[in-house]
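Visitor: I would like a close look at a single part of this structure. Please take one loop residue and its surroundings, and then place that part in the whole chain.

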Amino acid sequence: SKVTTGGATAFAYGSQVADVSSEGALKLVDGNWDSKWFDRWLAPVVLDMQSAITVDSFRIVTANDHPARDPKQWLLEGSADNRDWEMLHQQNTDYGTPSSRKTPTEWLSFVTGER
């Protein structure tokens, strides 16, 4: 499913989200702790920001339900052309995601700050 807002586009490949407006991939970056992305198939997500942006860190906020669905491992990549991808952050062992609901992780730094 593909959703666009404020110039950014989010696309979850092979997503099985019933209602993208309530739990679609764009909820990953909407800044609202009361929203969430949910996809039972854990489809890869591509965020297209439409123009270059600079980011140096990110954090995850737990959803309102089901701690078992919280992210524990991930790979974040960045690309300027959607062809060549560079690893920005990789968590390949289980991360200690907070068990409390609607709770942020610490800020996690990217490997490089220019994106």
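Guide: What follows starts at one loop residue and then moves to other parts of the chain. The model is predicted, so local features need pLDDT of at least 70, side-chain atom pairs count only at pLDDT 80 or more, and totals for chains, interfaces and linings use all residues. Residues are numbered from 1 along each chain as its sequence is written, and side-chain values use heavy atoms, with hydrogens and water left out.

The residue is Ala 63, in the loop between β4 (57–58) and β5 (74–78). Strands here are DSSP runs of E with at least two residues, helices are runs of H or I with at least four, and both are numbered from the N terminus. Ala 63 counts as buried because its relative accessible area is 16%; buried means under 20%, exposed over 50%, and partly exposed in between, with a 1.4 Å probe and protein chains only. Leaving out residues up to four places away in sequence, Ala 63 touches Lys 36, Asp 70, Arg 101 and Lys 102, where a contact means heavy atoms within 4.5 Å. Thr 103 is 40 residues from Ala 63 in sequence, yet the two C-alpha atoms are 7.9 Å apart in space.

Another loop residue is Thr 105, between β6 (86–91) and β7 (108–109). Thr 105 is buried because its relative accessibility is 6%. Its contacts, again without residues up to four places away in sequence, are Arg 59, Ile 60, Tyr 95 and Pro 98.

Ile 60 and Tyr 95 also belong to the largest nonpolar core, together with Phe 58, Trp 74, Leu 88, Leu 108 and Phe 110. Such a core is a set of buried Ala, Val, Leu, Ile, Met, Phe, Trp, Tyr and Cys residues joined through side-chain atoms within 4.5 Å. In soluble globular proteins, nonpolar side chains tend to be buried together. Among the residues that Phe 110 touches are Phe 58 and Leu 88, as well as Val 55, Leu 76 and His 89.

Met 49 offers another case: it lies in the loop between β3 (45–48) and β4, and counts as partly exposed because its relative accessibility is 32%.

Now the whole chain. It has 1 helix and 7 strands, in the order β-β-α-β-β-β-β-β along the sequence. Of its 115 residues, 26% count as buried. Among contacts between residues at least 6 apart in sequence, 53% join residues at least 24 apart.
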